[in-house]
Amino acid sequence: MVFGITYKVNDIVKSNPGGRKIVLDEIPIFTLPSAEIDKYPSFKSGSFHIQNSRGCPHKCGFCYNSTFNKNRWRGKSAKRVLDEIQHINQLFPYSNYRL
Ligand code: SF4
């Protein structure tokens, strides 16, 4: 069984139970070969995006958040965010991106 997916069988929607909660600080910091940097549109615009958190505590009726994140918000630690910024600076010291 694949946890956390929803699918349809013979027009009946089925949902598997959610998987384990991911601790954001435990996700490996990405490694991106500098040769592939041009494949990412955000670099062309001179910016770089990092993910500091997932989810949202609010319940706007039109938003997927209530179903997908169950109104939970989880953030990375400040140390982790700074580590990622430092990692990016070490990988691409020559670029003109904005954090
Ligand atoms: S529930 Fe969705 S739309 Fe509402 S504040 Fe959160 S992310 Fe934004």
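## Two strands side by side

In which sense do strand 1 and strand 2 pair, and over how many bridges? Strand 1, covering residues 6-9, and strand 2 run antiparallel to each other, and four bridges join them. One of the residue pairs to look for here is Tyr7, whose bridge partner in strand 2 is Lys14. As you look at the picture, do keep in mind that this is a predicted model.

The two strands form a hairpin with two residues between them. In this hairpin Asn10 has a positive phi, near 50 degrees. That is worth a glance on a Ramachandran plot, since most residues other than glycine have a negative phi.

## The overall layout

Let us step back to the whole chain. The protein has three helices and four strands. Following the sequence, these elements come in the pattern β-β-α-β-α-β-α.

How much of the protein is buried? Of its 99 residues, 0% count as buried. The cut-off helps in reading that figure: a residue needs 20 or more other C-beta atoms within 10 Å of its own to be called buried. As for contacts, take those with a separation of 6 or more: 41% of them link residues that are 24 or more positions apart.

## Around Gly4 and Gly18

Gly4 sits in the segment before strand 1, while Gly18 belongs to the loop between strand 2 (12-15) and helix 1 (41-44). These two glycines touch each other: setting aside residues up to four places away in sequence, Gly18 is in contact with Phe3 and Gly4. Under the matching condition, Gly4 has contacts with Asn16, Gly18 and Gly19.

The C-alpha distances add some detail. From Gly18 to Phe3 the separation is 5.2 Å, with their positions 15 residues apart along the chain. For Gly4 and Gly19, also 15 residues apart, the C-alpha atoms are separated by 5.5 Å.

Are these glycines buried or exposed? Gly18 counts as exposed because it has 10 C-beta neighbours inside 10 Å. Gly4 is exposed too, because 11 other C-beta atoms lie within 10 Å.

## Phe30, farther along the loop

The loop between strand 2 and helix 1 also holds Phe30. This phenylalanine has 11 C-beta neighbours inside 10 Å, so Phe30 counts as exposed. Its C-alpha atom and that of Glu84 are separated by 8.6 Å, although the two residues are 54 residues apart along the chain.

## Two positive phi values in a row

Next, please look at the loop between helix 2 (65-68) and strand 4 (73-75), where Lys70 is placed. Asn71 is found in the loop between helix 2 and strand 4 as well. Lys70 has a positive phi near 55 degrees, and Asn71 has a positive phi near 60 degrees. Neither of them is a glycine.

How do Lys70 and Asn71 stand in terms of exposure? Lys70 counts as exposed, because 9 C-beta neighbours lie inside 10 Å. Asn71 is partly exposed, because its count of other C-beta atoms within 10 Å is 13. The upper limit for exposed residues is 12.

## The ligand and its shell

Which residues surround the ligand? They are Cys56, His58, Lys59, Cys60, Cys63 and Asn65. Sorted by class, this shell consists of three nonpolar, two polar and one charged residues. The cysteines are counted as nonpolar here, so a chemist who files Cys elsewhere would want to keep that convention in view.

Note on methods: Residues are numbered from 1 along each chain as its sequence is written. This is a predicted model: local features need pLDDT of at least 70, side-chain atom pairs count only at pLDDT 80 or more; totals for chains, interfaces and linings use all residues. A residue is near a molecule or strand if its C-beta atom, placed from the backbone, lies within 6 Å of it. Two residues are in contact if their C-beta atoms, placed from the backbone, lie within 7 Å. Two strands pair if DSSP finds at least two bridges between them.
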